[in-house]
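Me: I have a structure here that I would like to go through with you. Could we start with the cysteines and then move on to charged pairs and strands?

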Amino acid sequence: MFNYDKAESMTERAEFYEEKTTEEITGAEALLRCLIEEGVDTIFGYPGGAIMPVYDKLLDYKEKIRHILTRHEQGAAHAAQAYAMVTGKPGVAFATSGPGATNLITGIANAYLDSVPVVFITAQVVSSLIGTDAFQETDIIGISMPVTKWNCQIKRAEEIPEMVAKAFYIATTGRPGPVLIDITKDAQTGKLPFKYKKCRFIRSYNPRKPLKKKEIESAAILINHAEKPLILAGHGVLISKAENELREFAEKTGIPVAVTLLGMSCFPANHRLYAGMLGMHGNLAPNKLTNEADVIIAIGMRFDDRVTGNLKKYAPEARIIHIEIDEAEINKNVNVDIEINNDAREALKYLIPLVNPNSHERWLREFRINDKIEYNTVIKPEIKPEKGPIKMGEVVNMVSELTKGEAIIVTDVGQNQMAAARYYKFINPNTLITSGGMGTMGFGLPASIGAKIGKPDVPVIAFLGDGGFQMTIQELGTILHHNIPVKLIMFNNFFLGMVRQWQDMFFQKRYASTELVNPDFVKICSGYDIPAERVTEREELTQAITRMLNANSPYFLEIHVEKEGTILPMVEPGASVSEVKISK
């Protein structure tokens, strides 16, 4: 028997003391304590039979953890992702077994493609029933494996602390992403002596690579000799918190900065070196001039097909430098000349002293010429129409001016998303919350809830379409329940707008199943006790938006916009980015 009085060292005494005082608690309580140890203060979720032990214990921890009851598990997933994007902390979402778990899948996939750290915790039937097709049993581990960074199933209470620690470490390191822990009901009710230790290392998992100094030095030589260099900045800049380093690098070298959809807000839109958005509906200059650049510095982006257009015609003149944390993304779509498999911030910090001061004024002038063409042909008619129906662009532009580009903007998917990305002038980092890789309609409403809870002191404005809004409209109940003061602007064109645009351009205006018969959205919002109004005339627009922005409560604004509007410019499928169209 251990004799405390005769212990030879303080370490031995400490270990004895810890051993004697470790408290026996249930797995459900252990889970909540683990989350608190990881700094979790908010959980989005929906209860059910298999996860009931955890929800029962939540009542004992309501002073430390706020639970947001969404109206659907998909809503919880999107809210948790948005929370993570605005705070930089991992989001957390709960769901029960069976349909509760499977309802998370779209949100899990969304977080996976957009590299957002979310810890999803699902419940499972008791371990003795696994494999028997028990009531609400589903193989969520098998289902979620392709769209999670890591997942595991816990069948014994004592496994909970180690698996939770591992989950948070994996979700937040390297290229972030969602993880899933599935916990059987008997693991939740079983007892364990609770002790928690954060995970700092996993054998064979190496999220941070040694700095590629030789490659960075080679990149500096290439940059210093470039005549038409272009920076392509993606979501990885925001994830690595490299916004200041990107700005310093751009200002020292005089290189224009183009951003991907998810990279928007990593570089201020009012900066003289800001070149605009890349991609299918991006700006004319960065798309067209990509194919004239002699050096491309791609930072924290994955050369998605919406950015590159036809790969066979992509950047034929350019030597390409790729700074990317995920080695699998390097040379996956585009063959590059210099591979820098590092964190963006670390790589830029080493690169900045190696590059020469420059201005590239002649090259920048080409961007300004194209900007002027786009402004006169596309932007001015969109944001300052002389007559006709209200346009999405003029609404977004007005909101941008009234908020000075400092609000958090959440979008759904479709024309509303592209209008918001094109016409809101983002000044601060992490202020565009949108579904990029997955393109999930219905994302906007629940994501606005998560964003507002994550940043309660910043205005959160969601731009929604009438189609996507109805996919998760039940989350108005979450706004009512928790009194979340988000501002919702819904563009109503009585169409699935982006699909209709493609039908217009590529299917001879054969509008197959895209025209909508819509309900009275204002009445619906009023039923949820959310102030709401409808705008149909341009003359009403300024005052309505001002009332919305000044409201201390949630607010819904339905704006009737042109039915058959087209988002331009556009890189058509199969076209080169330099073949971007600025008119139909």
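Me: How many disulfides are there?

Reply: This is a predicted model, and the count of disulfides in it comes to zero.

Me: What is the nearest cysteine sulfur to Cys34, then?

Reply: That of Cys152, which is 12 Å away, and Cys34 is in no disulfide. Cys34 is also buried, with a relative accessible area of 0%.

Me: And which cysteine is closest to Cys199?

Reply: The closest sulfur to that of Cys199 is in Cys152, at 12 Å, which is too far for a bond. A pair would have to lie within 2.5 Å to count as a disulfide.

Me: Is Cys199 buried or exposed?

Reply: Cys199 is buried, because its relative accessible area is 15% and the limit for buried is under 20%.

Me: Changing topic: how many salt bridges does the structure hold?

Reply: It holds 30 salt bridges. One of them joins the side chains of Lys209 and Glu327, with N and O 3.5 Å apart.

Me: Where do Lys209 and Glu327 lie?

Reply: Lys209 is in the loop between β8 (191-193) and α10 (213-224), while Glu327 is in the loop between β13 (319-323) and β14. The two are 118 residues apart in sequence, so their pairing ties together separate parts of the chain. Lys209 is partly exposed at 26% relative accessible area, whereas Glu327 is exposed at 52%.

Me: What about Arg247, which residue does it form a salt bridge with?

Reply: Its partner is Glu251, and the closest N and O atoms are 3.2 Å apart. Both residues belong to helix α12 (residues 243-253); they are four residues apart, which means a separation of about one helical turn. Arg247 is partly exposed, at 37% relative accessibility, and Glu251 is partly exposed as well, at 38%.

Me: And Arg547, what is its partner?

Reply: Arg547 forms a salt bridge with Glu533, in which the closest N and O atoms are 2.8 Å apart. Because Arg547 is in helix α24 (residues 541-550) and Glu533 is in strand β19 (residues 532-535), the pair ties together parts that are 14 residues apart in sequence. Arg547 is partly exposed, with a relative accessible area of 40%, but Glu533 is buried, at 16%.

Me: Which residues are linked in a network of salt bridges?

Reply: Glu23, Glu29, Arg33, Lys57 and Asp60 are linked in this way.

Me: Back to the loops for a moment. Where is Asn341?

Reply: Asn341 is in the loop between β14 (338-340) and α15 (344-351). With 7% relative accessibility, Asn341 counts as buried.

Me: Which backbone oxygens does its side chain reach?

Reply: A polar atom of the Asn341 side chain lies 3.0 Å from the backbone oxygen of Glu324. The side chain of Asn341 also reaches the backbone oxygen of Ile325, at 3.0 Å.

Me: What else does Asn341 touch?

Reply: Setting aside residues up to four places away in sequence, Asn341 touches Lys209, Lys212, Glu324, Ile325, Asp326, Glu327 and Ile330. Among them are Lys209 and Glu327, whose side chains meet in the salt bridge discussed earlier.

Me: On to the strands. What is the order in the open sheet of six strands?

Reply: The order is β11-β10-β9-β12-β13-β14, with parallel pairing. β11 (274-277) and β14 stand at the edges with a single partner strand each, so one side of each has no neighbour in the sheet. From one strand to the next, the twist averages 20 degrees.

Me: How many bridges join β9 to β12?

Reply: Five bridges join β9 (residues 229-233) to β12 (residues 295-299), and the two strands run parallel. Within this pairing, Leu232 has Ala298 of β12 as its bridge partner.

Me: Last one: how many residues of β17 are buried?

Reply: In strand β17 (residues 460-465), six of its six residues are buried. Val460, Ala462 and Leu464 are on one side, with Ile461, Phe463 and Gly465 on the other, so both faces are covered.

Me: Which strands are joined to β17?

Reply: β15 (residues 408-411) is joined to β17 by four bridges and runs parallel to it, with Val410 partnered by Ala462 of β17. Five bridges join β17 to β18 (residues 487-492), also in parallel, and Gly465 stands opposite Phe491 of β18.

Key
Residues are numbered from 1 along each chain as its sequence is written. This is a predicted model: local features need pLDDT of at least 70, side-chain atom pairs count only at pLDDT 80 or more; totals for chains, interfaces and linings use all residues. Side-chain values use heavy atoms; hydrogens and water are left out. Buried means under 20% relative accessible area, exposed over 50%, partly exposed in between (1.4 Å probe, protein chains only). A polar contact is a pair of N or O atoms within 3.5 Å; within protein, one must be able to donate a hydrogen and the other to accept it, and residues adjacent in sequence count only if both atoms are side-chain atoms. Contact means heavy atoms within 4.5 Å. A salt bridge is a side-chain nitrogen of Lys or Arg within 4 Å of a carboxyl oxygen of Asp or Glu. Two strands pair if DSSP finds at least two bridges between them. Axes are lines fitted to C-alpha atoms, for helices over the stretch in contact, and angles run from 0 to 180 degrees between N-to-C directions.
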